[in-house]
Amino acid sequence: MNRSMSFVLLLAILVSVADAAWEDAHATFYGDISGKETMQGACGYGDLFQQGYGLETAALSTALFNNGQTCGACFEITCVNSQWCIPNTGPIIITATNFCPPNYTPPVDIHWCNPPNKHFDLSMKMFTSIAEYRSGIVPVKFRRVKCQKSGGVRFEIKGNPNFIMVLVYNVGGAGDVNSVAIKGHKSSWISMQRNWGQNWNTGVDLVGQRLSFLVKTSDGRILTFYDVASESWGFGQTFEAKSNF
């Protein structure tokens, strides 16, 4: 086999692998064009504009949400096999920030977020980027992609001395965090518990200590962020690490 034939074969294999990565789902939208209704979702990110996610977001059905463990993951979505798909538009990329709850009120066959359906409830802006508004729902192809975030991983500290809760957000790479540990400069590493979404908590009093964090994402990558917050940190403050995944 000559070099050119080998290259063609390799290219064909790569294309085949890429095609196999796509899965079938459906997409709808919720809220109006301003996206106000998409704020304060089940992942705990709060104001998505303030946190840097904007309207490039989606609420996931039960089959994709995974009890909040998928929060922060990024997906590439494209409209397919519908007269309502907007021609010549590329795929969109969204971050999972909310949950689309199931609805078992009859007739259940129209409730797209019920298990085992894989479904994305997009912001109106993102839905109308790939499909006509009047369609309401369209079939899509989707796949996980790496999250591209600007700046470092961010940590918003909430709670009180006896209950520290930290929102971990703006996470690149896999995007979804599956474990967090915290350390004061006078303490050892302390494993945090997932409270809800991407909020993690501990009952250890670390007030007055410099805080470091160890974060593991779903792809197994681990990064340690030393001295993210100084001794004078306070509840309600957000701190940005110098690096990202």
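Here are four short exercises on a predicted model, each with a worked solution.

Residues are numbered from 1 along each chain as its sequence is written. In this predicted model, local features need pLDDT of at least 70, side-chain atom pairs count only at pLDDT 80 or more, and totals for chains, interfaces and linings use all residues, while side-chain values use heavy atoms and leave out hydrogens and water.

**Exercise 1. Get an overview**

Find how many helices and strands the protein chain has, and what share of its residues is buried.

Step 1: Look at the secondary structure. Helices (H or I, at least four residues) and strands (E, at least two) are DSSP runs, numbered from the N terminus. The protein chain has three helices and 15 strands.

Step 2: Turn to burial. Buried means under 20% relative accessible area, with a 1.4 Å probe and protein chains only. Of the 245 residues, 46% are buried.

Step 3: Frame the chain. Its C-alpha atoms fill a box of roughly 60 × 60 × 30 Å, taken along the principal axes.

**Exercise 2. Describe the two annotated spans**

Work out the helix and strand content of residues 40-152 and of residues 162-241.

Step 1: Read the annotations. UniProt, in an unreviewed entry, lists "domain: Expansin-like EG45" for residues 40-152 and "domain: Expansin-like CBD" for residues 162-241. UniProt positions follow the numbering used here, feature names are shortened, and annotations may be inferred rather than shown by experiment.

Step 2: Take residues 40-152. This span is 10% helix and 27% strand, with its end C-alpha atoms 22 Å apart.

Step 3: Take residues 162-241. Here the chain is 0% helix and 54% strand, and the end C-alpha atoms lie 24 Å apart.

**Exercise 3. Trace the barrel**

Which strands make up the closed barrel, and in what order do they run?

Step 1: Recall the rule. Two strands pair if DSSP finds at least two bridges between them.

Step 2: Follow the strands. Six of them close the barrel in the order β1-β5-β2-β4-β3-β6, with mixed pairing. From one strand to the next, the twist averages 45° (axes are lines fitted to C-alpha atoms, and angles run from 0 to 180 degrees between N-to-C directions).

Step 3: Zoom in on one pair. Strand β2 (residues 57-60) and strand β4 (residues 92-99) run parallel and share four bridges; Thr 57 has Thr 95 in β4 as its bridge partner.

**Exercise 4. Find the partners of β9**

Which way do β13 and β10 run relative to β9, parallel or antiparallel?

Step 1: Start with β13 (residues 211-217). It pairs with β9 (residues 177-184) in the antiparallel sense over seven bridges, and Val 180 stands opposite Val 215 in β13.

Step 2: Move to β10 (residues 190-191). Two bridges join β10 to β9, again antiparallel, with Ile 182 opposite Ile 190.

Step 3: Check the link. β9 and β10 form a hairpin with five residues between them.

Note on methods
Buried means under 20% relative accessible area, exposed over 50%, partly exposed in between (1.4 Å probe, protein chains only).
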